[in-house]
Amino acid sequence: MQRKRTLAQQDTLVGLALILPSFLIILGISLQPILSTLYLSLFEVPRGINLQNTFVGLGNYIALLREPIFWATIGRTLYFTVISVGLELALGLAIAQLIHAHPPGWQFLRTSLIIPWAVPTIVNGTMWRWIYNADYGALNGLFLQLGLIDKYIPWLTRPELAMNLVILADIWHSVPFIALILQAALATLPADLEEAASVDGATALQYFWFIRLPLLRPAILVALIIRTVEAFRAFDIIYVITNGGPANGTVTISFLTYLEMFSFGHAGRGSALSFLISIFTLGLAFIYIRMLYRPEEKL
Amino acid sequence: MKTIRSMLFALMALVLTASVVGCQPSQPAGPVTIRVLTMEQAGPTVEEMNAIVEEFNKTNPDIKVEIEYVAYDALHDKVTTAMASNPPAYDVFLADDIWYAEFAKSGYVLDVTDRITADRREGIFPAAWDITTVGGKVYGMPWLLDEMYFFYNEDLLKQAGFDAPPATWEELIAQAQVMKDQGIVEYPMVWSWGQYEAAICDWVILLSGNGGSLVDDKGAPAFNNEKGVDTLNWMVQTIDDGYTNPASISYVEEDVRNVFSQGKAAFAVNWTYMYDLVNFNADESQVTGKIKMSLMPAFEGSGVQSSSINGSMGFSIAATSPNPDAAWKYIEFLTSEDIQNQYSAHLLPMWQTSFEGENLTKLEGYTPANAVTVPMFNEQFPFAQVRPKVPYYPEASKSLQLALQEALTKQKTPEQALNDAAAKWVELAK
Amino acid sequence: MKKKLRLIVLSILVLLALLFIYVPVAWLVISSISTRAELLSTPIHWIPQNPTLQNYINILAPSQGTSEVAKTFRITLWNSLMVASSVTVIALVFGSLAAYALIRLHFPFRKTLLIGILGTRMIPEISLVIPLYLFATRFGLFNSPVILIITYLSFALPFAIWLMAAFFDTIPVELEDAARIDGCNRIQTFWRIILPISAPGLVSTGLFVFLTAWDEFFFALILTSTVSAKTVPVAIAEFTGRYVVDVGGMMTGGVLAAIPPVLLSLIFQRYIVSGLTAGAVKG
């Protein structure tokens, strides 16, 4: 008994000591900006020198929640997030499994995965904007030579199509992240499990579904959360490929926040928007944790 | 719980006080430093800007000039962020035409009306002063004159049997029809109608070429009338009839240049920069030597001869700069007649005398492109419109961009779209 | 027979994955060695007829006439390298310690802390940048790589903690218990057992943090504007003028910017060994 308590106490002490540096850094960098953003979101902030802010309470939030454009934007952002993260997870999981099966060339594939990810987002956006161009883009060039189309198509002139093409560009850039994380997690899995399963005569699908997937759950959860946070806040790639067009068809919530904060100079509204974004992303994170978290795991 | 909350409040109060009270460094004796924010790849090169500073220091050894260059896209955000600190990170910055009303209302730019001498006021193009003037007060020195021009591919016109460029949009459509009939080009026109400021520029040209305008004398929206609807209808119609490249709905200026450089369009509207690259640079263009410029067409029966859009910029002093006098000295020097004439290889001077006599010959001789663009500037600039000087312009412009896009993508009728945008403008003006 | 079929299917899948990766990359490289006139040709020139290395020469060996962006590009590469590697090292060290504590040790508010840490990253950069800017100017850190390292840690550290926590979580507790029975304390267990096993996780997390810092654009755009601190994405963005977009320059910048992370992953590749066996041998 005596020994056990000391161990628990020791744990708490060591734990706090290990966490403290990170905790202090995060607190130091994030607290002040977050608090001032929260504070600003309660005011109407005229842009300018020496101007008085007017306290409006939750006025900015209420006004935003009442605007149809806000909900339309949230809808588009959810679409962007769900489709891109969903496809990225499916593709990423497939590629990770493929690498883990060690077919010929798996090492080359694993090394290559880093490349799309290493291309800076801003270059990625410009590259895809050129690829999608109606008059000199590679996509039209390729499709025409393959006989899939008989004349050049203006890809970015229809709102829904433009959104899907932006998603494709984002997928190309981000699949490697999920694939590499899951592949690393697979590599950490105990090898004897696999052997045991094959001895038991489990089919590949059974093995994948009942053994591998549950073990991968923590890694999937984290990859999903990180990618969702990023996708929900996607800005650069949209700014470069479509600038929100056509007809606002690719305006997501981060783009709207950018417009409000910087272009329109509504610091109060912009701050309120960014808190709403945080609430939405936290909500999504909670859904994931609910879905993927199992009590026996100590997350 | 209560303690936590009171701690939070204390922290928040601390944080806020800290962010409000900026440090005010005492003015040191000796040379003052003027920090300048300008943009990359515009007007004079970095070497030329440095040479100008060197010359400036010959007569002003006590002023040190530090220049930072950023991309145009970053300029606006950099200025607004810089003005949040006191003293501001920059004493002098470059500002675009459409930001002046906003900057003036926010108190970012110093009123320099009284600093401008009479010979400056009279010597510089009146249309240039429109750039930096808001409500009768001058907030900076105009710089980097630019406007949009009408470009045509002479080779394609000749193939279709035309010797002269169109003088009206109706004439242009007639020529375009012949080109389409003969299979010379599929889409004779390419425009920058994407969801960008460029769409507004194109629209203002068409609208004022139809006798309309964005706002009336009182600054209220005046585009949701018959003329506005007509003009927007014309745009939609040219896409439906195949005169305008349908991808124009997603294009900006640079896409227009690319398509025009391919020889896939016979007519285009773009800024000065396009001429040199399209007509003289074989690495950039497949139609070198075939491109001409002419006066921007207008609509028949509108009573308008031509129209264009003013896209110039200006140099201003940050209102909270601790050294406005030194800053003004530098701006004055940078925009002086002598310096402008000496360093105009990459920019058009705004002094009227630069376009006369010996100066003109010199200006036209700098590059092969200048020989065409300089006289063309003289001819077109009197028709250049300035976009409304309203402090909410960025938001107003976005709502109008949306309206144009909604009409072009057939989500709304032109009338409906313009009415919605006008309602937004009225709301913004409140 | 079944084995052979499996091999063929897998090989085809590898080929498809490689195509998915390399077709756009190939186009990126082709764009960087083509003139614009050639890029604009129809039908498309898949292989440039007049390839040019001018864009690379402008950046790697600039001469009098090259643009300022190209001239200073090498310096910004160096800045990015310093910033991204500092962020990576700091985030890995502190992040893995914190992650281990959060996953393996028992103390109050563990889960709340974990979610709270993530929660700090939910607010978009766009609305944090002005307070951070004021912070930077107050402490004289504007236009300094230090402010980038500090601000990047604000997203790098939470993500490093979360990723490392996930990797630690996949390690069976029994392994640790065995070590502790052998008389190791927590720190020793962490150092001797957990870290070696987590090598793949550490490398992946490191790569993730490095790349996120390498790619970060908005903070760098607002917080730096002189060559002494500008990073690669900001430099690349400057290939865009008011109207002109130097696509060739941008694509070249993209190719060059992708090289350091790829090299890094090649160097660290050998540490991504099949984790558990390696760890078990050492332990």
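How many helices and how many strands are there in chain A? In this predicted model, chain A has 12 helices and two strands. Following the sequence from start to end, the elements of chain A come in the pattern α-β-β-α-α-α-α-α-α-α-α-α-α-α. One helix therefore precedes the two strands, and the other helices come after them.

The C-alpha trace of chain A spans about 70 × 70 × 30 Å along its principal axes. Chain A has 299 residues, and 53% of them count as buried. Its contacts reach far along the sequence: if contacts between residues at least 6 apart are taken, 71% of them in chain A join residues at least 24 apart.

A single residue can serve as an example of a place inside chain A. A:Ala285 is found in helix α12 of chain A, which covers residues 267–292. Is A:Ala285 buried or exposed? A residue counts as buried when 20 or more other C-beta atoms lie within 10 Å of its own. A:Ala285 has 21 other C-beta atoms within 10 Å, so it is buried. Leaving aside residues up to four places away in sequence, A:Ala285 touches A:Ile225 and also C:Leu118. The second of these partners belongs to chain C. A:Leu273 lies 12 residues from A:Ala285 along the chain, and the C-alpha atoms of the two are separated by 18 Å.

The contact of A:Ala285 with C:Leu118 leads on to the interface of the two chains. Between chain A and chain C, 84 residues of chain A and 90 residues of chain C take part in the contact. On the side of chain A that touches chain C, the largest share comes from helix α1 of chain A (residues 2–40), which gives 19 residues. Sorted by class, this side of chain A holds 57 nonpolar, 22 polar and five charged residues.

Chain B also touches chain C. Here 32 residues of chain B are in contact with 27 residues of chain C. On the chain B side, the elements that give two or more residues are β2 (63–70), α3 (72–82) and α11 (253–261) of chain B. Among these, α3(B) provides the largest share, with six residues. By class, the side of chain B that touches chain C is made up of 14 nonpolar, nine polar and nine charged residues.

Turning to chain B as a whole, there are 18 helices and 13 strands. Its C-alpha atoms fill a box of roughly 75 × 65 × 40 Å along the principal axes. Why does the radius of gyration of chain B agree with that of a compact globule? A compact globule with 430 residues would have a radius of gyration near 22 Å, and chain B has 24 Å, which agrees. Of these 430 residues, 52% are buried. In chain B, 74% of the contacts with a separation of 6 or more are between residues 24 or more positions apart.

Some of the strands of chain B form an open sheet. This sheet has five strands in the order β2-β1-β3-β12-β6, with mixed pairing. The edge strands are β2 and β6 (141–143) of chain B, each of which pairs on one side only. On average, neighbouring strands of the sheet are turned by 30° against each other, direction ignored. Within the sheet, strand β1 (residues 32–39) and strand β3 (residues 92–96) of chain B run parallel and are joined by two bridges. In this pair, B:Val36 stands opposite B:Val92 of β3(B). Helix α13 of chain B (residues 324–334) packs on the sheet, where it touches β1, β2, β3, β6 and β12 (313–317) of chain B. The direction of this helix makes about 155° with that of β12(B).

Another group of strands in chain B involves β9. Strands of a sheet pair through backbone hydrogen bonds, either parallel or antiparallel. Strand β7 of chain B (residues 148–153) runs antiparallel to β9(B), and five bridges join the two. B:Met148 stands opposite B:Trp271 in β9(B). Strand β8 of chain B (residues 189–190) pairs with β9(B) in the parallel sense over two bridges, and B:Met189 stands opposite B:Phe267 there. Strand β9 of chain B (residues 267–271) has five of its five residues buried, so it is largely enclosed by the rest of the structure.

How values were computed:
Residues are numbered from 1 along each chain as its sequence is written. Chains are lettered from A and ligands numbered from 1 in the order in which they are written. This is a predicted model: local features need pLDDT of at least 70, side-chain atom pairs count only at pLDDT 80 or more; totals for chains, interfaces and linings use all residues. Two residues are in contact if their C-beta atoms, placed from the backbone, lie within 7 Å. Helices (H or I, at least four residues) and strands (E, at least two) are DSSP runs, numbered from the N terminus. Ala, Val, Leu, Ile, Met, Phe, Trp, Tyr, Cys and Pro count as nonpolar, Asp, Glu, Lys and Arg as charged, and the others, Gly among them, as polar. A residue is buried if 20 or more other C-beta atoms lie within 10 Å of its own, exposed if 12 or fewer, and partly exposed in between; C-beta atoms are placed from the backbone. The radius of gyration is taken over C-alpha atoms; the globule rule is 2.2 Å times the number of residues to the power 0.38. Two strands pair if DSSP finds at least two bridges between them. Axes are lines fitted to C-alpha atoms, for helices over the stretch in contact, and angles run from 0 to 180 degrees between N-to-C directions.
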